[in-house]
Amino acid sequence: MVDVRYQTAFTLYPYARSSDQDEGAQTRHPVVIVGGGPVGMAMALELGLKGVACVVLDDHDGVGVGSRAICFAKRTLEICDRMGAGDAMVDLGVVWNVGRVFRDERQIYDFDLQPEEGHKRPAFINLQQPYFEKFLVERIRAAQADGAPIEIRGKNRVLAVDNQPDHVVLEVDTPDGPYRLEADYMVACDGARSAVRTLLGHDFTGRVFEDNFLICDVKMTADFPTERWFWFDPPFNRGQSVLLHKQPDDIWRIDFQLGWNIDRKAVVQPEYYMPKVQAMLGEGVEFEPEWVSVYTFQCMSMDEYRHGRVFFAGDSAHQVSPFGARGCNGGVQDVDNLGWKLAAVINGDASARLLDTYHEERKHGADENILNSSRTTDFMTPKTEIAKLFRESVLDLVEHTDAMRPLVNSGRLSVPCVYDGSSLNGPDDSRLPARTRVGATLVDAPTDRGWLIDRIGGKFQLLTVNSDFAYDGLDLVDVIVAPTDLIAERYLGDADSAVYLIRPDQVIAARWVDPTADDVTAALKTAMGG
């Protein structure tokens, strides 16, 4: 029998017996994905759309209750757009770009995460995680109807994993009893308490910060704008911090910093949190609690994200504090990186060495996220008198000089990392703009045929700007621009023309002002793992 670990908000994939459970059957699947959360479902959708057969094993039959991850970044939306799931998310999500920081009751500054024009998607939307997962599953169902080889098995819990040199053997429990199946590759997307990681005996190391936060999701009609509001030392939570976000369905997320020595059972009782919420909102404001939870900051990571035939993605590989929205967004970027590489190897287009670069690149991304998350936590919860004096001095000065703004850290919000130094990187012409250098993610801009981000992705392509360069075997996205166009600003700089080689995950693999066909051939070979 499969244990119930949490209550589900939506039943999306009820248990059904599979042919693998028949006596004598032990089918080998190209990819088995363990965990049906946002990272697992995104991985299944990415692989299925590339024609790679995959099976998702989840120990429940749907999405858990509670908002959990709510801030989905521009890059995540662009990835979901490429998979055909982005519109539903943005249509329901609460769009925001502006944040405000308060001390006591005074605003000390505000910021705009997307101050420039010319992008299809906003900096962030707020959307409860159950909706995010639901939209992914609905897109999977539509892809299945079109022939995508994706299978989702609910109430299938992994009991054992045997990671052999050329395949993986799994023992799986179900309501009808256990069975075994094999996979050429397995991707563990089963969260911070990863059963797969534990079963294989891999370490998960890092820092546990001595602080606790109380999440209160409340339903109310309020006049607060759709912005991110963060308070240091407000009168309704003295000596601590508070974060406020709006979600769909008139739900508001409030995060109260509580400190370290708390009674975790007591603080989730209405007699504790209801007065805190009322004090924040003001007397007479009516609200209803929707979901309450306590969490502790942790920044953790595995040493290696690939172990033979087993890959780890999302929180099973790395975990960060929620301030900065780098957890789920980072996990979707893992999918973006690993999906095309697995497909290329399984389809025979690249050697298995390409798969090693998943750890190389995404460990780099995770380390950057952990560094930013740790710095946020250290600023929000200073542990020494010197650290506290530094924070208070910064907050004193920021009201009087903009130069202090970069030092105020209420959460460095998620942006895609740049794979500087990656072994997949090809030539880079320094005459072209730094923001679109090799290793960076494609920067969106309007073109005469729609958004650039919608015209590129899912395969290797060439982007030519004011160039008549052509190359047999690669799709060409050609753009002719005037010097004042955003494409010129973002992709030409002072150059008259440019050619960019773009990977399937919309990462810039190489760029030139005036390449030869041999230049592109060599760069393409490098980008495929050599």
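# A tour of the side chains

Select Ile33 first. Leaving aside residues up to four places away in sequence, Ile33 touches Gly40, Met43, Ala44, Leu47, Cys54, Val55, Val56, Leu57, Val187 and Cys189. Contact here means heavy atoms within 4.5 Å.

Before moving on, note what you are viewing. This is a predicted model, where local features need pLDDT of at least 70 and side-chain atom pairs count only at pLDDT 80 or more, while totals for chains, interfaces and linings use all residues. Residues are numbered from 1 along each chain as its sequence is written, and side-chain values use heavy atoms, with hydrogens and water left out.

**The core**

Keep Ile33 selected and add Leu57, Met89, Leu170, Val187 and Leu501. Within the largest nonpolar core, which has 91 residues, these six, Ile33 included, touch the most other members. A nonpolar core is a set of buried Ala, Val, Leu, Ile, Met, Phe, Trp, Tyr and Cys residues joined through side-chain atoms within 4.5 Å. Buried means under 20% relative accessible area, exposed means over 50%, and partly exposed lies in between (1.4 Å probe, protein chains only).

Now select residues 327-346. This is helix α7, which gives the most to the 91-residue core, with nine residues. Helices (H or I, at least four residues) and strands (E, at least two) are DSSP runs, numbered from the N terminus.

**Aromatic rings**

Next, the rings. A pair of aromatic rings is described by the distance of the centres and the angle of the planes. Rings of Phe, Tyr and Trp (its six-membered ring) pair if their centres lie within 6.5 Å; planes under 30 degrees apart count as stacked, over 60 as edge-to-face, and the rest as tilted. The count comes to 17 aromatic pairs.

Select Phe10 and Tyr131. Their ring centres are 6.0 Å apart and their planes stand at 40 degrees, so this pair is tilted. Phe10 is in strand β1 (residues 8-11) and Tyr131 in helix α4 (residues 129-145), 121 residues apart. Phe10 is partly exposed, at 24% relative accessible area. Add Lys134: it lies over the face of Phe10, 5.7 Å from the ring centre. A charge sits over a ring if NZ of Lys or CZ of Arg is within 6 Å of the ring centre and within 35 degrees of the ring normal.

Move to Tyr185 and Phe311. This aromatic pair is also tilted, with 6.2 Å from centre to centre and 45 degrees between the planes. Tyr185 belongs to strand β13 (residues 179-188) and Phe311 to strand β20 (residues 310-312), so the pair ties together parts 126 residues apart in sequence. Both residues are buried. Add Arg309, whose charged end sits over the ring of Tyr185, 4.5 Å from its centre.

Then select Phe102, Trp229, Trp231 and Phe236. Ring pairs link these residues into a cluster.

**Charged pairs**

Side chains of opposite charge can pair when their charged atoms come close. A salt bridge is a side-chain nitrogen of Lys or Arg within 4 Å of a carboxyl oxygen of Asp or Glu. The count comes to 44 salt bridges.

Select Asp176 and Arg17. Their closest N and O atoms are 3.7 Å apart, in a salt bridge. Asp176 lies in the loop between β12 (168-173) and β13, and Arg17 in the loop between β1 and β2 (28-34), so the pair ties together parts 159 residues apart in sequence. Asp176 is partly exposed at 47%, and Arg17 is partly exposed at 47%.

Go to Arg75 and Glu78. This salt bridge has its closest N and O atoms 3.1 Å apart. The two residues are three apart in helix α2 (residues 74-82), separated by about one helical turn. Arg75 is buried at 4%, and Glu78 is buried at 4%. Widen the selection: Glu46, Lys50, Lys74, Arg75, Glu78, Arg82 and Asp336 are linked in a network of salt bridges.

**A lysine without a partner**

Select Lys276, in helix α6 (residues 270-281). Which side chain of opposite charge is nearest to Lys276? It is Asp233, 11 Å away; Lys276 is buried yet has no salt bridge. Lys and Arg count as positive and Asp and Glu as negative; His and the chain ends are not counted. Not counting residues up to four places away in sequence, Lys276 touches Phe236, Asn237, Phe256 and Leu258.

**Last stop: a backbone angle**

Finish at Arg68, in the loop between β4 (62-64) and β5 (71-73). Arg68 is not a glycine, yet has a positive phi of about 50 degrees. Arg68 is partly exposed, at 29%.
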